Amino acid sequence: MKRPIGIAANPASGKDIRRLVARASVFDNQEKCSIVARCLVGIAAVGHAPIVYFDDTHRITRSAIEDANISATPIESLGTGTARDTTRVAVDMKDFDCRVVITLGGDGTNRAFVKGWLNAPLLPISTGTNNVFPVIHEATVVGVAAALIASEMVCFDDVADQQKVIHVRIDDEDDDIALIDAVVSMDRFIGARALLDCGQLRTAFLTHANPAAVGMTAIGGLLEPLNTTVDAGLVIELSSNPASARRWVRAPIAPGLFQDVGICSLQRVALGHSLEIIGPCVLALDGERERVLKPCQRAILAIERDGPWVIDVERALHAAAKNGALVPAWELNEARNAG
Amino acid sequence: MAESKTQPEARELTYVAAINEAVRAVLTEQPDAFVAGEDVAGAGSVFGYYKGLLEEFGAERVIDTPISEEGIVGLGVGAAATGLRPIIDIMFMDFMGECMDEITNQMAKMRYMFGGTAYLPITVLTMSGAGISMAAQHSQSLEAWLCHLPGLKVVMPATPYDAKGLIISASRDDNPVFVVLNKMSLGMKGEVPEDSYTVPIGEASIVRPGENFTIVTYSRMVHESVKAAEALSSLGVETEVVDLRSLQPLDTNVVIESVKRTHRAMVVHEAVRFGGMGGEIAAQIQELAFDYLDAPVARVGAPFSPVPFSPQLEQSYIPNADKIVAEARTLLDV
Amino acid sequence: MQPSDDVLRDIHRRMVRIRIFEQEAGKLMEAGKIPGALHLYVGEEAVAAGVMVHLSDADQITSTHRGHGHLIAKGGEFHKMFAEIFGRVDGYCKGKGGSMHISDMQIGMLGANGIVGAGPPIAVGAAFTNKFKKSGNVAVSFFGDGASNEGSVHEAANMAALYKLPIVFICENNGYGEYTPQAHHQAIVDVADRARGYGMPGVVVDGMDAVAVYEAAGEAIKRARAGEGPTLLECKTYRFFDHVGVRGMGLSYRSDDELAKWQQRDPITLFEATLIEQNIVSAEEAKVVHDKVEAEVQAGIEFAEASPMPDPAALLDDVYK
Ligand SMILES: Cc1ncc(C[n+]2csc(CCOP(=O)(O)OP(=O)(O)O)c2C)c(N)n1
Ligand SMILES: [Mg+2]
């Protein structure tokens with residue numbers, strides 16, 4: 001039995017307030033549905049693989065699967081309409097022993113997924129707002145990559161890399177996780193979630209610091225770039241107070257939104273480094289306000305490389321080219337007959 | 001359902017139940033008929049008259065639509081023009097404002113404009129009338145809008161019997177027919193045969209014979225007029241009450257014959273008096289029976305205002321037996 | 001844009017005012033004391049309150065058949081509201097409009113509306129006035145998921161974007177149009193997905209979270225005031241009562257489970273808990289708010305009951321100016 005391919009599309013990605021304040025793109029569900037459909041075409045081009053999918057509240061994947069007229073196993077959504085639905089489905093996909101999971105969403109979606117399955121094998125497609133974690137690839141090709149791995153035509157270990165994550169442990173509450181950044185904000189509420197005012201930020205803990213991306217990662221990236229392969233993180237102390245800020249950087253904190261950010265200090269830290277945060281404050285994880293810390297409540301943030309395995313689509317397809325994985329069977333037969 | 005003493009097959013049914021039975025009969029008899037409208041399937045209509053039809057005929061023939069009146073009526077027009085026999089539900093007649101182009105410029109005219117090459121066997125069921133404080137946008141009687149449009153037929157049943165028979169007739173008619181129902185009448189009971197039957201469109205009925213005075217009316221005002229006739233009877237006036245049942249086409253014959261006998265006439269309707277059907281009917285009486293008239297043709301209708309919300313104001317707004325009697329006494333000087 | 005403590009207390013008070021008014025109105029309707037139909041707003045309070053704190057009396061709103069919450073949040077007075085829904089002469093509309101047409105032109109509340117989808121075009125007209133007069137005011141139009149399927153709504157949205165009018169369209173998506181679930185009335189789940197087609201930004205927000213609504217509405221209203229054009233803001237919410245009244249017609253079109261799940265996210269309970277946790281109001285202060293509103297509601301009812309019915313002689317007044 002082949003291990004299945006998982007598909008998890010987040011219906012809520014690409015719709016929040018950042019469309020308004022930051023000119024981010026809208027990802028309507030019709031578009032997401034087409035993306036899943038193209039993944040399915042890619043998978044079918046390689047051959048058949050069992051599929052399990054997150055039957056999301058907006059029926060994104062279900063409608064693509066029904067249109068393609070293929071059989072696949074749905075995993076019922078919790079139906080909360082929140083990130084918990086995605087976290088829950090990750091737990092189930094782990095139980096299904098998925099060989100690889102295609103996710104549709106942004107950083108927040110993948111974070112929610114990894115919360116349920118820490119070292120999940122992921123092929124993230126970007127349909128979100130902040131997309132540092134998912135790389136832009138045509139869905140058709142992502143489908144091919146997924147099928148190559150599920151059918152063992154390409155060796156997983158050759159094309160996947162394990163990612164760094166920040167573990168968030170909060171006193172008296174459930175743990176959390178961040179893939180790219182964990183940020184302490186003096187906001188008091190989760191509210192509309194997006195981080196829109198750098199004036200409120202105090203500390204940023206980054207796994208990546210990419211000057212060519214948007215979000216908190218760009219703040220670090222514009223000062224001291226740090227890529228995914230280096231075994232280190234970056235801790236930045238921020239302040240909007242000119243008296244305490246030692247330097248300033250003009251960073252795109254969301255798509256279409258620049259702010260001048262005051263920096264007090266910046267420190268590269270090794271894996272295993274941890275940071276203690278005491279409330280009251282709000283923890284923003286991967287660009288969205290997620291957790292409220294009450295006065296005196298403590299959170300510990302620690303960076304490790306024990307996160308998801310992300311498949312490099314380009315490497316996967318190059319490997320396929322090398323071993324002829326996409327040469328059709330009839331071509332092979334003709335070649336054999338000719339020889 | 002009470003047992004009927006006279007005919008074995010006629011039972012007492014409410015107006016609601018009669019509508020339900022009529023639509024059920026239509027769906028049974030006509031494989032190309034379907035019902036579409038807001039909350040007609042799952043909820044069986046907010047007035048309850050499609051209850052059970054979804055279960056019996058399935059979601060392909062009893063269809064919940066979005067709140068899109070223009071779309072719904074347009075769907076009916078297009079489906080009728082291409083071979084189906086739609087029953088379209090417009091929950092409240094007031095909502096016709098949303099779909100008046102489909103009614104006025106498409107449904108009513110398509111056949112004529114296309115030189116008779118199209119026909120539209122479409123039935124529209126809709127609800128009129130005041131009386132339960134539903135206020136200005138859920139209480140109107142807008143039948144005059146429809147009667148002004150060549151190409152449409154308009155019927156307004158007063159009783160459960162007529163409701164069933166007229167709906168079945170409408171659905172068998174190859175023209176667009178509006179069946180305008182009345183919300184205050186929904187609980188009213190009357191004899192209704194179990195079998196499918198028709199009440200011909202365009203035939204008025206004399207619901208109370210009389211020789212001194214004619215009241216021409218329709219819909220719920222039939223009952224108020226009969227009540228008024230009883231009161232007038234004690235004043236020595238025997239009133240004939242004509243229930244038009246159908247406004248378009250209009251049964252002028254029955255009206256004129258009655259007026260020729262009684263020499264005095266009054267038109268009663270719930271709709272606003274100004275510009276209402278009463279003006280048309282009065283004009284026809286004067287054109288066709290001028291020499292027989294001993295008095296001007298009187299009209300009773302609602303005053304020239306939107307329907308008010310407050311119950312007492314609303315009661316003072318709606319025509320009723322007392323107002324009919326008062327108006328008749330002035331006219332007849334009794 | 002995080003709200004200040006004062007704004008938070010204001011939002012709280014507006015929500016509690018809506019809740020208690022509606023609960024009492026529901027009881028009175030079911031006791032047969034209020035004529036006609038009431039469409040109650042219980043469960044959706046965070047939307048009206050989170051939006052309306054951004055507006056002044058000079059900003060206009062158009063409402064829906066479910067309009068009490070909008071009027072209360074905009075600053076409507078209980079005694080005139082009760083008098084109106086009782087059909088009394090001292091009501092907002094002198095007893096002529098009732099629940100479905102309740103309005104207060106003084107504070108820019110351009111009416112509840114018995115016609116689904118009728119509000120947005122009117123709001124476009126109000127926004128046109130604002131632009132014409134360069135008043136800096138905005139118009140906000142509330143409409144439901146069901147209403148989003150009316151042609152009038154699409155026409156209004158197109159015109160608003162075309163003329164770059166100062167307007168915000170708020171879709172109160174409570175998952176149902178009367179008794180029809182959303183999945184049976186439209187092929188999409190997020191009405192905000194349509195915004196792109198109109199040429200305006202579309203945002204989805206949790207309509208049970210007053211702060212989330214506050215933030216998103218604040219940005220949209222700011223944008224409108226700055227002359228940057230319209231926004232479609234969709235608030236995901238739920239009505240705790242039936243379509244009409246409290247228990248409605250007793251149809252079983254939604255499950256008890258579903259209702260219970262949403263009730264766990266009661267916008268007032270959630271918000272109050274946060275305010276108390278963050279020491280913005282104390283439990284006692286919250287209770288005082290409830291008690292005061294309660295008393296105000298009772299006074300409103302007494303006022304309404306004492307108010308006379310309109311004189312039939314007034315029937316023809318106000319048809320024309
Ligand atoms: C034009 C029109 N069509 C139909 C109705 C009947 N009606 C009243 S409320 C309603 C449902 C509206 O649903 P939605 O817009 O989602 O608002 P909600 O009741 O859920 O707040 C319907 C169909 C109406 N009043 N007006
Ligand atoms: Mg709704």
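These questions and answers walk through a predicted model, from the domains of chain B to a magnesium site and two chain interfaces.

Trainee: Where do the two domains of chain B lie along the chain, and how far apart are their C-alpha centres?
Mentor: The domain assignment puts domain 1 of chain B at 12-191 and domain 2 of chain B at 205-332. The two touch, with 27 residues from domain 1 and 25 residues from domain 2 in the contact. Their C-alpha centres lie apart by 26 Å.

Trainee: Which residues of domain 1 of chain B lose the most area to domain 2 of chain B?
Mentor: Start with the whole contact. The two domains bury about 2,000 Å² between them, and 57% of that is on carbon and sulfur atoms. On the side of domain 1, three residues together make up 25% of what is buried. They are Ser133(B), Cys147(B) and Met156(B).

Trainee: Which residues form the salt bridge between the domains of chain B, and how far apart are the closest N and O atoms?
Mentor: The count between the two domains is one salt bridge. Polar contacts there number 12 residue pairs. The salt bridge joins Asp162(B) to Arg245(B), with the closest N and O atoms apart by 3.1 Å.

Trainee: Which elements of domain 1 of chain B give two or more residues to the side that touches domain 2 of chain B?
Mentor: By class, that side has 16 nonpolar, eight polar and three charged residues. Two helices and one strand meet the mark of two or more residues. They are helix H6 (143-147), strand E6 (153-155) and helix H7 (160-172) of chain B.

Trainee: Which protein residues are donors of the magnesium ion (ligand 2)?
Mentor: Look in chain C, at 2.0 to 2.1 Å from the ion. The spacing along the chain is D-x28-N-x1-Y. The Asp donor sits in the loop between strand E2 (139-144) and helix H6 (151-162) of chain C, and the Asn donor in the loop between strand E3 (167-173) and strand E4 (176-177) of chain C, 29 residues apart. The donors are Asp145(C) through OD, Asn174(C) through OD1 and Tyr176(C) through O.

Trainee: How many salt bridges does the rule find across the interface of chain C and chain B?
Mentor: The contact takes 38 residues from chain C and 33 residues from chain B. The area buried is about 2,700 Å², with 63% from carbon and sulfur atoms. Polar contacts are found in nine residue pairs. Salt bridges number zero.

Trainee: Which three residues of chain C supply more buried area against chain B than any other three?
Mentor: The side of chain C that touches chain B has 18 nonpolar, 15 polar and five charged residues. The three in question supply 20% of the area that chain C buries there. They are Ile115(C), Glu150(C) and Leu315(C).

Trainee: How many salt bridges are counted between chain A and chain C?
Mentor: Here 25 residues of chain A are in contact with 27 residues of chain C. Polar contacts come to 14 residue pairs. One of the salt bridges joins Arg289(A) to Glu215(C), at 2.9 Å from N to O. The count of salt bridges is four.

Trainee: Which element gives the most to the side of chain A that touches chain C?
Mentor: That side has 11 nonpolar, five polar and nine charged residues. Helix H1 (18-21) and strand E16 (288-293) of chain A each give two or more. With three residues, the element that gives the most is H1(A).

Terms used: Residues are numbered from 1 along each chain as its sequence is written. Chains are lettered from A and ligands numbered from 1 in the order in which they are written. This is a predicted model: local features need pLDDT of at least 70, side-chain atom pairs count only at pLDDT 80 or more; totals for chains, interfaces and linings use all residues. Side-chain values use heavy atoms; hydrogens and water are left out. Domain bounds come from an automatic or database domain assignment. Contact means heavy atoms within 4.5 Å. Buried area is the accessible area (1.4 Å probe) that two parts lose on being put together, summed over both. A salt bridge is a side-chain nitrogen of Lys or Arg within 4 Å of a carboxyl oxygen of Asp or Glu. A polar contact is a pair of N or O atoms within 3.5 Å; within protein, one must be able to donate a hydrogen and the other to accept it, and residues adjacent in sequence count only if both atoms are side-chain atoms. Helices (H or I, at least four residues) and strands (E, at least two) are DSSP runs, numbered from the N terminus. Ala, Val, Leu, Ile, Met, Phe, Trp, Tyr, Cys and Pro count as nonpolar, Asp, Glu, Lys and Arg as charged, and the others, Gly among them, as polar. Donors are N, O and S atoms within 2.8 Å of the metal (3.2 Å for Na, K and Ca); water is not among the atoms, so sites may look incomplete.
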